[in-house]
Amino acid sequence: MKRVLKFFIGACLSLGFVASSHAGDKGTKDEAVALVHKAIAFYKAHGKDKAFAEVSNKSGQFVDRDMYVYILDTNGTMMAHGANEKLIGKDLTNLKDADGKLFAQELIAHAKAKKAGWVDYKWPNPVTKQIESKTTYVEAFDGYGFAVGVYK
């Protein structure tokens, strides 16, 4: 009987851990802010070139589930991107979301004003491959906007 009870408790605990891991598949706003701060700290410690390379590494420390860091300069050029390397070096000033919103201009404005904040838009989720509502936290540092978004 003890063996059956141990097995049952173990199975319940295992199922509980599996269920809880699925509940956390999406990043949160707090996690997005923390990932931005982590990227800025890495930039401070290792410099621009290493930071841009690490942020752009799809399997690196700045990609977490559906969250990834990207870095824009104040002119709107993408300097690093954790999910889409094709955007690196591109001028995103006139980039529109699925509804035609010029959301990149809002991100750039935060970087220029050296003011942290949130920008809402619709963007393809790299995990689901669907267009989803997204809010992105952007924080200015050293002439760049460090950003991480979360899907709603």
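**Notebook: salt bridges, cores and contacts**

I looked first at Asp 120 and Lys 152, whose side chains meet in a salt bridge with N and O 3.5 Å apart. This pair links distant parts of the chain, for Asp 120 is in strand 4 (residues 117-124) and Lys 152 is in the segment after strand 6 (144-151), 32 residues apart. I noted the exposure of each partner. Asp 120 is partly exposed, at 38% relative accessibility, and Lys 152 counts as exposed, at 56%. I record here that the model is a predicted one.

**Entry on the overall fold**

I then turned to the whole protein. I found four helices and six strands in its secondary structure. Along the sequence they follow the pattern α-α-α-β-β-β-α-β-β-β. The protein has 152 residues, of which 38% count as buried. I also looked up how far apart in sequence the contacting residues lie. Among contacts with a separation of 6 or more, 48% are between residues 24 or more positions apart.

**Entry on the other salt bridges**

How many salt bridges does a search of the whole structure find? The search gives seven. I looked up two more of them in detail.

The first pair I took was Lys 58 and Glu 85, which form a salt bridge with their closest N and O atoms 3.2 Å apart. Lys 58 lies in the loop between helix 3 and strand 1 (63-64), and Glu 85 in the loop between strand 3 (78-81) and helix 4, so this salt bridge ties together parts that are 27 residues apart in sequence. I checked the accessibility of both residues. Lys 58 is partly exposed, at 46%, and Glu 85 is partly exposed as well, with a relative accessible area of 43%.

The next pair was Arg 65 and Asp 64, joined by a salt bridge whose closest N and O atoms are 2.9 Å apart. Arg 65 has a relative accessible area of 32% and is partly exposed. Asp 64 is at 30% relative accessibility and also counts as partly exposed. I returned to the pair of Asp 120 in strand 4 and Lys 152 after strand 6, 32 residues apart, and then noted a network: salt bridges that share partners join Glu 31, Asp 64 and Arg 65.

**Entry on helices 2 and 3**

I looked up how these two helices are placed. The axes of helix 2 (residues 29-46) and helix 3 (residues 48-55) come within 7 Å and cross at roughly 140°. The crossing of helix 2 past helix 3 is right-handed. From helix 2, Phe 42, Tyr 43 and His 46 meet Lys 48, Lys 50, Ala 51, Phe 52 and Glu 54 of helix 3. By class, this contact has four nonpolar, one polar and three charged residues.

**Entry on the nonpolar cores**

Which residues of the largest nonpolar core touch the most other members? I found Phe 62, Val 69, Ile 71, Phe 146 and Val 148, in a core of 21 residues. Helix 2, helix 3, strand 2 (67-73) and strand 6 each supply at least two residues of this core. Helix 2 gives the most, with eight residues.

I followed Val 148 further. Not counting residues up to four places away in sequence, Val 148 touches Ala 32, Leu 35, Val 36, Met 67, Tyr 68, Val 69, Thr 135, Thr 136 and Tyr 137. Another core, of 16 residues, lies apart from the largest one; Leu 87, Ala 104, Ile 108 and Ala 147 are among its members.

**Entry on Phe 141**

I located Phe 141 in strand 5 (residues 131-141). Is Phe 141 buried or partly exposed? Phe 141 counts as partly exposed, because its relative accessibility is 25% and buried requires under 20%. Leaving aside neighbours within four places in sequence, Phe 141 is in contact with Ile 40, Tyr 43, Lys 44 and Phe 146. I also looked up the spacing of Phe 141 and Asp 73: they are 68 residues apart in sequence and 9.8 Å apart in space, C-alpha to C-alpha.

**Entry on His 110**

Last, I looked up His 110, which lies in helix 4 (residues 103-113). His 110 is buried, because its relative accessible area is 17%, under the cut-off of 20%. Beyond its neighbours within four places in sequence, His 110 is in contact with Lys 115, Ala 116, Gly 117, Trp 118, Val 119, Val 138 and Ala 140.

Conventions:
Residues numbered from 1 in each chain as written. Predicted model: local features only at pLDDT ≥ 70, side-chain atom pairs only at ≥ 80, totals over all residues. Heavy atoms only, no water. Buried < 20%, exposed > 50% of the residue type's maximum accessible area, 1.4 Å probe, protein only. Contact = heavy atoms within 4.5 Å. Axes fitted to C-alpha atoms, helices over the stretch in contact; angles between N-to-C directions. Left-handed = near helix turned anticlockwise from the far one by under 90°. Nonpolar A, V, L, I, M, F, W, Y, C, P; charged D, E, K, R; others polar. Salt bridge = Lys/Arg side-chain N within 4 Å of Asp/Glu carboxyl O. Core = buried A, V, L, I, M, F, W, Y, C linked by side-chain atoms within 4.5 Å.
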